[in-house]
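Reader: I am in my first year and new to this. Please take one part of this model and walk me through it closely. I would like to see how charged side chains pair up, within a chain and across chains.

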Amino acid sequence: MEVDKGKGEAEETRKVAEADRDTVTLKSSDGKLFEVSKEAAARLSTVLAGMIAGGSIDDNGTDLKQIGSEALENVVDYCNKHANSIPSAALISSSISFNTAPFKEPEEWERKFVDRLSHDALFDLVEAANFLGMERLLDVTCHKISEMMKGKSPDQIREVFNIKNDYTKEELEEIRQELAWAFYDD
Amino acid sequence: MAATLDRWKCLPTVLLRSVIRRVPCEADRASVALVCRNWRAALATPPGEAPLLLPPQLPWLLRPLPGGPAFSCLFCSDGVSSTIHRFRLPDDARTARYFGSYDGRWAFAASRLADDAPMLLNLRTGERYSVPREFLPGIFRSSEPGASGAMTMLVATLSSAPDADGDPCVGAAIVRSAPFDGRSGHLQITFWRMGHQYAMPPYDLMMGGEPVDVVYHDGAFQFLTEDEHLYVCRPVFGQGGVLQAVEKGLRVVQKHWCRCRAYDQQPHVRYLVESRGELLMVVKASPASNEQRSPMWTFMVFRMTQIQTSNPYHMIYTWNMVPSLNGRILFVGLGCSRAYEVADFPGFKEGIYFLDDRDTRMNHTEPYPCSDNGKWSRVPPFVNHCFPPHQGESNYSSPVWVLP
């Protein structure tokens, strides 16, 4: 690349270096910095792709005020892992796409990636994926959450997600009229 | 790793809806909506938004476990095995004898608590209709001493859902009338208008042996006989939707087909099922003289074809073997066989799901065998017992399909 050897040499060199950098720096709501592959970020997140294309990426750390450091670490971790993973066609075709035709099945490493998360961390991650427009990560996290619901009674689901039953007796009776089988024998 | 209390309650609506789209089973969706008020509101369709479409559903296997039935769902699992739902059922449905089912999660049940009174119960809503237990009095055996109009329904189906628009709902059943005069009751067929107290006088099949299965197809109830003839019984309505009569026609199957026709396997049960607008007969067979507890079943599928004869008033039919399932998923059960398309169920492969009907002498004597439920695949021939856990016998019912 030809660089003008004139006055603004230092400035120009810095700009070129920035343009050539293959990572971007993201800053969590609590001020922590994370580096992520620019290619993966642009490919996996529509929001980050827009920021990179629009030049609104800050070299000192792009502020993502809605995302905490733990969730952002997971997002970055996911992007970097994705950048390194070789999409395995064999794995995709051999996995049972069980009645989820419109959705792509998570790959093995993606399953493991979300399986190790605490339920709070999973909650933060699905919100972050939604905020950043990360379709693939949303697929993976929503798939994981749906697996936590399947084949369970309402009581069991409440227990898994730690939700208090806030229905009144009258409301439950009303629902029972409509849907008898939502009432399980536990 | 429990989450912070009530945090998930506040999962944004768009995300909760995105999750629920990945939950294909209608019973699961009902459970999720019942978790808390927020979730129920999120899953209700807001004005102007597309409703959360439920994908096509498959039958559940109703399994008579001690204390009440459980429902094995093929959806809530990995597509190979099944998962169990256990709903709260009314007390009189808990140890009932189930003898049929109909689309929309309707099940025929005879309650032991209510002196074996038969009913049609909706498992989704709890709605119910009573079903006749006697023939219309005054006609049946009135002159014979000791005779009664009582009967036991063994296999039953409907012309439509009881709450559907259109022609009135008619039921049809294979029944055993009450024994009298030292003779045990034999198998007959009968019909009733849903909601009526009495069934029409029983009808004896004149030829072809006893009735073995029934399905509603092409505007008529089709009864299959032991000899594989077909009785076509068309309800006729009078003014005000009164069930006036049932026109009966017989489709005789070519003689050399009957009884003496050599199956290379021992036929065990025959079913009728409607698929792609036509009627199929499915024969479940096992290697001859196989006395194992769970025989290695094989299944054969046939299509009825008319044989051209010189006499236009003398029509003869034959059953032609259908060589391949050709993308079909069949569920076979007496009175409740249904066909589905592989194309509608990603992840599923063609095959025939069957249930334990080794009690098909229709004696309905306890205990009922319940362990032999599974899926048969043709290539390579294979039986997968895909409804764990293993269940031995039940003292109140045979298994039955609960149809979506």
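Author: Start with Arg136(A) in this predicted model. Its relative accessibility is 17%, so Arg136(A) counts as buried. Its partner is Glu110(A), and the two form a salt bridge. The closest N and O atoms are 2.5 Å apart. Glu110(A) is buried too, because its relative accessible area is 1%. The two residues sit in distant parts of the chain. Glu110(A) belongs to helix H6 of chain A, Arg136(A) to helix H8, and 26 residues separate them.

Now take a second pair in chain A. Arg116(A) forms a salt bridge with Asp77(A), with 3.7 Å between the closest N and O atoms. This pair also links distant parts of the chain, 39 residues apart. Arg116(A) lies in the loop between helix H6 (108-115) and H7, while Asp77(A) lies in helix H4 (residues 69-84). Are these two buried or partly exposed? Arg116(A) has a relative accessible area of 44%, so it is partly exposed. Asp77(A), at 28%, counts as partly exposed as well. A network of salt bridges links Asp77(A), Arg116(A) and Lys81(A).

Next, cross to the other chain. The side chains of Glu178(A) and Arg40(B) meet in a salt bridge, at 3.7 Å from N to O. Glu178(A) is in helix H10 of chain A, and Arg40(B) is in helix H3 (residues 37-43) of chain B. Glu178(A) counts as partly exposed because its relative accessibility is 46%. Arg40(B) is partly exposed at 27%.

That pair has company. Between chain A and chain B the count is six salt bridges. Over all chains, the structure holds 27. Chain A and chain B also have 17 residue pairs in polar contact, both residues at pLDDT 80 or more.

Which helices of chain A supply this side? Helix H7 (119-131), helix H8 (135-147), helix H9 (154-161) and helix H10 (169-178) each give at least two residues to the side that touches chain B. H7(A) gives the largest share, eight residues. The residues of this side divide into 25 nonpolar, 13 polar and 14 charged.

Finally, the whole contact. It takes 52 residues from chain A and 59 residues from chain B. The area buried between the two chains is about 5200 Å². Carbon and sulfur atoms give 61% of that area.

Definitions and conventions:
Residues are numbered from 1 along each chain as its sequence is written. Chains are lettered from A and ligands numbered from 1 in the order in which they are written. This is a predicted model: local features need pLDDT of at least 70, side-chain atom pairs count only at pLDDT 80 or more; totals for chains, interfaces and linings use all residues. Side-chain values use heavy atoms; hydrogens and water are left out. Contact means heavy atoms within 4.5 Å. Buried area is the accessible area (1.4 Å probe) that two parts lose on being put together, summed over both. A salt bridge is a side-chain nitrogen of Lys or Arg within 4 Å of a carboxyl oxygen of Asp or Glu. A polar contact is a pair of N or O atoms within 3.5 Å; within protein, one must be able to donate a hydrogen and the other to accept it, and residues adjacent in sequence count only if both atoms are side-chain atoms. Helices (H or I, at least four residues) and strands (E, at least two) are DSSP runs, numbered from the N terminus. Ala, Val, Leu, Ile, Met, Phe, Trp, Tyr, Cys and Pro count as nonpolar, Asp, Glu, Lys and Arg as charged, and the others, Gly among them, as polar. Buried means under 20% relative accessible area, exposed over 50%, partly exposed in between (1.4 Å probe, protein chains only).
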